[in-house]
Amino acid sequence: MERRRYAEGSIDQGSHVMLSKYRSLALCAFFVVPALLLSACGGDVPGNSVAKIGDQSIKKTTFDHWMQIAAVSQAGQANPNSTSTPKAQIPDPPSFSKCIANKKASAAKPAKGTPEPTEGQLKGQCQQEYNTLRDQVLEFLIRGNWIEQETAKQDVKVSSGEVQKQIDAAVKQAFQNPADFQKFLQRSGLTQADVFYQQRNQLLQQKLTEKVTKAKGKVTDAQIADYYNKNKSKFATPERRDLRIVLTKSQAKAAQAKRALDSGQSWKSVTKQYSVDQASKAQGGLLTGVAKGQQEKALDNAIFNADKGKLVGPVKTQFGWYVLEVSKVTPAKQQSLAQSKASIQQILTSDNQRKALDKFGKDYRKRWKAETPCRKGFTTADCKNGPKSQPTAATAPAQQQAPAQQQAPQTTTGTTTQP
C-alpha cells in the first residue's frame, strides 16, 4: 500500500505504528531515512546531493540507498510468501536499457493476434516505475529532515534510551528470536541505524504534536455552557415506544386480525395467522425502542398518537394495513449541562487542537518548502522548485513514511493527538 500523504490537520495522523507478524513483515522495505545529511553552504544544491534543506542537504548516496530498498519492496510484492531476498532492479534512467531488457526477458508471450509491446511502450513503463519510486523516496527523505530540523528549532528532544526501549519491545513482539530480526534486516537492506532513526523520528513527531496542541487544550466553563445551549438537541434522548403490530395486505384482513385480538387471542397466534411482516412476525409482532421518524409516515403518526394499551387500526400505509398496540412509553430525556460537561469538553478540546495543528501546519509546510530547493530531475511537490500541485488544505508537519508496500516492524509509541 503506497503511503503518500498523511491526513490533513495532524503532525502525523497516520503514524501510530503497529507491529504485525513476521511473515507479513518479511518483505517490508522501509523504516526511515538514515541520518546521512551533509552540511552545505550557499543557496545551490551541492553537487553530491539531490536536495538542500536549510543548511543541510540530502546526499545522492542516501537517495540511492532508499531507492534500492524501495526496489526490494516492490519486487517482494510479486512473491510475498518467498523466504529468499527479493531480486530488485531499479529502473535505469535516462535510457532504461536494463529495465527494458528485463521486461522483455520476463514478459509472458502475448496472446495470438496481440502485438508485443514496443520499445517505446516498455520505456514508458520503466519511466513511470522510476518516477514513482523517486517521488516516494524524495518525499520520504525531505519530510524526515523537515521534522528533524523543526524539532531542533523548537527544542523538542527524545533520549536514546526512550528510542531503544521501544525498538526492543517492538522486535520482541514481532520476532520469535533476535536472529529472525537480523534476517529481516539483511533481506530488506535495512540497518540498525535506519531502525533507530525512524523510531526517534516518530517520537519527535509525537512530542512536537503535544507541544503544538498543549496550550490549546484548555476549555473554559463559559465555552462549555455556550456550546451546550446552542446544541441541546445533541444531548437529548427522544421518546421511544415499544409496540406490537400486525401487517396485512388488505383492510379486510387487518379488520379480521383486530377482531381476533379483541376477542382475546394472543399476539403470537394472530401475527402468525395474519401478518406478512416476517421480521416482527417471528417476535409476536414486537417492535421495541421505536423513536419518532423511524417508520413510514402514516404508521409513525399512528404510533405516537396512540394511547398506551389501546388497540389501533387498521392504519393504511404504502406497505399495507397495520393494527398496532403501544405497550411501553419511555419519555424523552434532556441531559443537564453538568451531565454533558465532560463530553462537551472533549469535543471542544479536540476542535481546538485540530485548529491549532491546521494553523501550525500551514506555516510549517510553507516555511520548509521555501527552504527546500531540489536538483533538476529530483523535484517533487515538496521542493520549492517542484511542480505546482492542485490547491488543497495545508498538510501539517509529517515525516513521510518510507514508500514501502508493507509496514516494517515499529513500536506503538503512545497516542499522537488526533483532531
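The questions and answers below concern the disulfides, one residue of a helix and one helix pair in a predicted model.

Q: How many disulfides does the structure hold, and what is the pairing of the bonded cysteines in sequence order?
A: One disulfide is formed by Cys 99 and Cys 126, and another by Cys 374 and Cys 383. The structure thus holds two disulfides, and when the bonded cysteines of the protein chain are numbered in sequence order, the pairing is 1-2, 3-4.

Q: Which parts does the pair of Cys 99 and Cys 126 tie together?
A: The sulfur atoms of Cys 99 and Cys 126 lie 2.1 Å apart, which is within the 2.5 Å cut-off for a disulfide. Because Cys 99 belongs to residues 97–106 and Cys 126 to residues 119–153, the pair ties together parts that are 27 residues apart in sequence, namely helix H3 and helix H4.

Q: Is Cys 126 buried or exposed?
A: Buried means a relative accessible area under 20%. Its partner Cys 99, with 4%, is buried. Cys 126 has a relative accessible area of 0%, so this cysteine is likewise buried.

Q: What is the handedness of the disulfide of Cys 374 and Cys 383?
A: The sulfur atoms of Cys 374 and Cys 383 are 2.0 Å apart, and both cysteines are buried, Cys 374 with a relative accessible area of 4% and Cys 383 with one of 1%. The torsion about their S-S bond is about -85 degrees, so the disulfide is left-handed.

Q: Where is Gln 127 placed, and how far in space is Gln 127 from Pro 93, C-alpha to C-alpha?
A: Gln 127 has its place in helix H4, and with a relative accessible area of 30% this residue is partly exposed. Although Gln 127 and Pro 93 are 34 residues apart in sequence, their C-alpha atoms are separated in space by 7.4 Å.

Q: Are helices H9 and H10 roughly parallel or roughly antiparallel to each other?
A: The axes of helix H9 (residues 251–262) and helix H10 (residues 267–274) come within 10 Å and cross at roughly 160 degrees. Angles over 145 degrees count as roughly antiparallel, and therefore H9 and H10 are roughly antiparallel.

Q: Which residues of H10 make the contact with H9, and how many residues of the contact are nonpolar?
A: H9 passes H10 in a right-handed crossing. On the side of H9 the contact is made by Lys 253, Gln 256, Ala 257, Ala 260 and Leu 261, and on the side of H10 by Trp 267, Val 270 and Tyr 274. By class, the contact has one charged and one polar residue, while the nonpolar residues number six.

Technical notes. Residues numbered from 1 in each chain as written. Predicted model: local features only at pLDDT ≥ 70, side-chain atom pairs only at ≥ 80, totals over all residues. Heavy atoms only, no water. Helix = DSSP H or I, 4+ residues; strand = E, 2+ residues; numbered from the N terminus. Buried < 20%, exposed > 50% of the residue type's maximum accessible area, 1.4 Å probe, protein only. Axes fitted to C-alpha atoms, helices over the stretch in contact; angles between N-to-C directions. Parallel < 35°, antiparallel > 145°, perpendicular 65-115°, else oblique. Left-handed = near helix turned anticlockwise from the far one by under 90°. Contact = heavy atoms within 4.5 Å. Nonpolar A, V, L, I, M, F, W, Y, C, P; charged D, E, K, R; others polar.
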